[in-house]
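Here are my notes on the model, point by point. Please read them with the structure open.

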Amino acid sequence: MSSADSHWMAQALRLAERGMYTTSPNPRVGCVLVHDGKVVGEGWHAFAGESHAEVHALHAAGKQALGATAYVTLEPCSHHGRTPPCADALIAAGIKRVVAAMQDPNPMVAGNGLKRLRAAGMQVESGLMESAALELNIGFVSRMTCGKPWVRSKIAASVDGRTALANGSSKWITGEAARRDVQHWRARSCAVLTGVGTVLADDPQLNVREVESGRQPLRVVLDSKLRIPATAKILRNGKTLVYTAATDVAKQQALIATGAEVVVLAGPTGKVDLSAVLCDLGKRGCNEILVEAGSTLNGVLLEAGLVNELVLYLAPQLLGDAARGMAGLGELTSLSQRVALQWSDVRRVGSDLRIVAKISKEDRSCSAES
């Protein structure tokens with residue numbers, strides 16, 4: 001493939017990013033139609049249930065689509081869902097060549113769209129800028145292939161890895177720019193997950209502010225004993241899901257009266273079954289989960305191998321050994337027990353550093369099966 005192909009695919013990826021906050025549970029997809037070196041149509045998928053990127057691009061191109069090359073960030077669908085197959089639309093429009101960044105991980109597609117295009121006589125190529133396309137839809141891929149969303153844990157800490165003083169004081173360790181940046185991670189997530197300890201200590205709302213997203217993520221609370229008060233801010237103005245191991249009907253009804261949904265998923269230890277929670281969120285169509293919790297829940301999730309990625313905001317300050325750490329992993333007796341990371345991105349946000357790191361393991365997205 002040529003440098004021109006890379007140029008047009010990069011443009012398609014930029015179009016796909018426009019659906020960053022809105023496409024869930026569908027993938028983020030962009031499409032560019034090019035004829036004789038000029039763009040004749042482009043589009044992106046904005047909302048589930050509405051036209052896909054290819055259809056928007058074909059409508060924009062009209063008759064100019066005949067003989068054009070389609071650059072699309074994900075394999076065109078080949079099945080009837082809420083909308084007709086995009087592969088058929090491309091064939092009907094007389095597209096000559098299709099370049100896809102990656103194959104669709106959805107088992108209902110998974111190569112069938114590309115096969116259909118080839119069978120119709122099109123020139124079809126796949127794999128151009130695949131890593132960028134995968135990163136854009138990392139949660140969708142995780143849900144399609146493993147049944148679980150991509151779990152991303154956000155942690156704000158001092159440069160010596162402390163998230164709060166020993167007395168629990170933590171407002172604010174990081175600066176205003178970092179706190180604004182967090183809103184974008186919330187906005188792209190299908191759900192924001194926390195533990196009841198954080199709710200009791202900080203009474204957070206965990207909603208999206210200062211970002212035009214058009215929707216609010218599902219707010220999820222893990223509360224084994226149903227200690228969350230019905231007056232908690234996280235239960236206001238939006239759908240909240242509480243996972244518990246408690247069967248106390250009166251407590252459940254008090255939360256349901258606030259508009260929350262209560263789901264009992266008890267593990268063998270009498271606490272919430274975390275892996276079952278992720279499977280349930282996957283069934284609900286959640287692609288990406290943002291964890292905003294304290295060291296206890298972060299530690300439990302990391303030990304269970306249920307975190308895929310960390311977003312660390314490090315402030316230029318030292319809080320000392322007595323302050324609280326990032327994750328309660330307990331004492332490690334061997335370096336083989338450590339949680340290894342792979343740096344993905346490091347940049348300055350205001351006065352703080354933002355580090356994005358994936359958990360290093362053979363199969364991050366399908367670990368710790370139920």
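1. Surface patch. This is a predicted model. Val 339, Leu 341, Trp 343, Val 346 and Leu 353 make up a nonpolar patch on its surface. Together they offer about 450 Å² of accessible area. Strand β15, residues 341-349, is the main contributor, giving 3 residues. Val 346 lies in strand β15.

2. Second largest pocket. The space in this pocket is about 530 Å³. It has 19 lining residues, and those closest to the centre are Met 20, Glu 135, Trp 185, Arg 188 and Arg 354. Four elements are worth displaying here: α5 (130-136), α7 (176-188), β15 and β16 (352-359) each give two or more residues to the lining. Helix α7 supplies the largest share, with 4 residues.

3. Character of that lining. How do the residues of the lining divide into nonpolar, polar and charged? The split is 7 nonpolar, 2 polar and 10 charged. Glu 135 and Arg 188 are among the residues closest to the pocket centre, and both return in point 7.

4. Salt bridge between Arg 97 and Glu 125. Side chains of opposite charge can pair when their charged atoms come close. The model holds 17 salt bridges. In one of them, the side chains of Arg 97 and Glu 125 meet at 2.7 Å, N to O. The pair links distant parts of the chain: Arg 97 sits in strand β4 (residues 97-100) and Glu 125 in strand β5 (residues 123-126), 28 residues apart. Arg 97 and Glu 125 are both buried.

5. Salt bridge between Arg 152 and Glu 288. The closest N and O atoms of this pair are 2.8 Å apart. Arg 152 belongs to strand β6 (residues 150-158) and Glu 288 to strand β12 (residues 288-291). The two residues are 136 residues apart, so check them in the structure rather than along the sequence; the bridge ties distant parts of the chain. Both Arg 152 and Glu 288 are buried.

6. Salt bridge between Arg 186 and Glu 292. Their side chains meet at 2.6 Å, N to O. Arg 186 is in helix α7, while Glu 292 is in the loop between β12 and α11 (295-303). The separation is 106 residues. Are these two residues buried or exposed? Arg 186 is buried, as is Glu 292.

7. Salt-bridge network. Shared partners join Arg 28, Glu 135, Arg 152, Arg 188, Glu 288, Glu 309 and Lys 358 into one network. The pair from point 5, Arg 152 and Glu 288, is included.

8. Cis peptide. The bond joining Ser 24 and Pro 25 is cis, with omega about 5°. Pro 25 lies in the loop between α1 (3-16) and β1 (30-35).

9. Positive phi at Asp 36. Phi is near 55° in this residue, which is not a glycine. Asp 36 is in the loop between β1 and β2 (38-44). Its relative accessible area is 72%, which means that it counts as exposed. Gly 67 is 31 residues away in sequence, with 9.3 Å between the C-alpha atoms. Gly 67 itself is in the loop between α2 (53-61) and β3 (69-72). At 32% relative accessibility, Gly 67 is partly exposed.

10. Positive phi at Ala 110. Here phi is near 35°, again in a residue other than glycine. Ala 110 is located in the loop between β4 and α4 (112-119). Ala 110 is partly exposed because its relative accessible area is 33%.

Note on methods:
Residues are numbered from 1 along each chain as its sequence is written. This is a predicted model: local features need pLDDT of at least 70, side-chain atom pairs count only at pLDDT 80 or more; totals for chains, interfaces and linings use all residues. Side-chain values use heavy atoms; hydrogens and water are left out. Patches are made of residues with over 30% relative accessible area and no salt bridge: like charges are joined within 9 Å, nonpolar side chains (Val, Leu, Ile, Met, Phe, Trp, Tyr) within 5 Å. Accessible areas come from the Shrake-Rupley method with a 1.4 Å probe; for residues, only the protein chains shown count as cover. A salt bridge is a side-chain nitrogen of Lys or Arg within 4 Å of a carboxyl oxygen of Asp or Glu. On a 1 Å grid over the protein atoms alone, a cavity is a set of points where a 1.4 Å probe fits but cannot get out, and a pocket is an open set with protein on both sides within 12 Å along at least five of seven lines; lining residues have an atom within 4 Å of a point. Grid points are joined across faces, edges and corners, and a volume is the space filled by probe spheres set on the points. Ala, Val, Leu, Ile, Met, Phe, Trp, Tyr, Cys and Pro count as nonpolar, Asp, Glu, Lys and Arg as charged, and the others, Gly among them, as polar. Buried means under 20% relative accessible area, exposed over 50%, partly exposed in between (1.4 Å probe, protein chains only).
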